[in-house]
Amino acid sequence: GQSIVFTSWRHAPDEPRAPHVYRMAVDGSTPQRVVAESLATSSAARFSPDGKHLVYARGIGNGADLFRLELATGAETRLTEDAGDGTYHGAPAWSPDGRWIAAYSDRGGNAALSVFAADGSSRRVVLA
């Protein structure tokens, strides 16, 4: 309740214009980039229910994979590794208890709602 996370195509010095994840105070002050590498997609980042992590999609090649960021350390974990075959994962959302992440997936060209454990394991399609 004290921060807002957003994706912005702001132009940073000495970098091409690209989408990055920022966090700022709810009063709009102190925006700071929290993910060093561009997302290469405008898919939104989401706070975990405990506020300690973000989940977001990053475009890679012809697809996008999901990543989790630990805000305290900046450690990034890749949750999926399907972008290389053209799979796009996007619009991730946390379960209320923070144990699961649901996301849109188009693996194999078929749109589906997939659910993953917060560490990227236990993937299952729940709606195809």
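Here is a quick briefing on the strands, ring pairs and salt bridges of this structure. Keep in mind that the model is predicted. Four strands make an open sheet in the order E8-E9-E10-E11, while E5, E6 and E7 are linked by hairpins. Arg 58, in strand E5, turns up in two of the salt bridges below.

**The open sheet, E8 to E11**

- Pairing in the E8-E9-E10-E11 sheet is antiparallel.
- E8 (89-94) and E11 (124-127) sit at the edges with a single partner strand each, so one side of each has no neighbour in the sheet.
- From one strand to the next, the twist averages 30°.
- Four bridges hold E8 and E9 (residues 100-105) together in the antiparallel sense, and Trp 94 stands opposite Ile 101 in E9.
- On the surface, Leu 113, Val 126 and Leu 127 make up a nonpolar patch with about 250 Å² of accessible area together.
- Val 126 belongs to strand E11 and counts as partly exposed, at 41% relative accessibility.

**The E5, E6 and E7 hairpins**

- E5 and E6 run antiparallel and are joined by eight bridges, with Leu 54 opposite Leu 69 in E6.
- Two residues separate E5 from E6 in their hairpin, and Gly 61 in that turn has a positive phi of about 60°.
- E6 and E7 also pair in the antiparallel sense, over three bridges, and here Phe 67 stands opposite Arg 78 in E7.
- The E6-E7 hairpin has five residues between its strands, and Gly 74 in the turn has a positive phi of about 80°.
- Seven of the eight residues of E6 are buried, so this strand is largely enclosed by the rest of the structure.

**Aromatic pairs**

- The count comes to three aromatic pairs, and two of them are described here.
- Tyr 56 and Phe 67 are stacked, because their ring centres are 6.2 Å apart and their planes are at 10°.
- Tyr 56 is in E5 (residues 53-60) and Phe 67 is in E6 (residues 63-70), so the pair ties together parts 11 residues apart in sequence; both residues are buried.
- Tyr 88 and Tyr 104 are tilted, with ring centres 6.4 Å apart and planes at 55°.
- Tyr 88 comes from the loop between E7 (76-78) and E8, and Tyr 104 from E9, so this pair bridges 16 residues of sequence.
- Tyr 88 is partly exposed at 25% relative accessibility, and Tyr 104 is partly exposed at 35%.

**Salt bridges**

- There are five salt bridges by count, including the three below.
- Arg 58 pairs with Glu 37, with the closest N and O atoms 3.8 Å apart; Glu 37 lies in the loop between E3 (32-33) and E4 (46-47), 21 residues away from Arg 58 in E5.
- Arg 58 is buried, at a relative accessible area of 2%, whereas Glu 37 is partly exposed at 48%.
- Arg 58 also meets Glu 76 at 2.8 Å, N to O; Glu 76 sits in E7, 18 residues apart from Arg 58, and is partly exposed at 35%.
- Arg 123 bridges to Asp 82, with the closest N and O atoms 2.7 Å apart.
- That pair links the loop between E10 (112-117) and E11 with the loop between E7 and E8, 41 residues apart.
- Arg 123 is partly exposed, at 30%, while Asp 82 is buried, at 6%.
- Through shared partners, Glu 37, Arg 58 and Glu 76 join into one salt-bridge network.

Definitions and conventions: Residues numbered from 1 in each chain as written. Predicted model: local features only at pLDDT ≥ 70, side-chain atom pairs only at ≥ 80, totals over all residues. Heavy atoms only, no water. Pairing = 2+ DSSP bridges. Axes fitted to C-alpha atoms, helices over the stretch in contact; angles between N-to-C directions. Patch = residues over 30% accessible without salt bridge, like charges linked within 9 Å, V, L, I, M, F, W, Y side chains within 5 Å. Areas by Shrake-Rupley, 256 points an atom, 1.4 Å probe, with all protein chains shown as cover. Salt bridge = Lys/Arg side-chain N within 4 Å of Asp/Glu carboxyl O. Buried < 20%, exposed > 50% of the residue type's maximum accessible area, 1.4 Å probe, protein only. Phe/Tyr/Trp six-rings, centres within 6.5 Å; stacked < 30°, edge-to-face > 60°.
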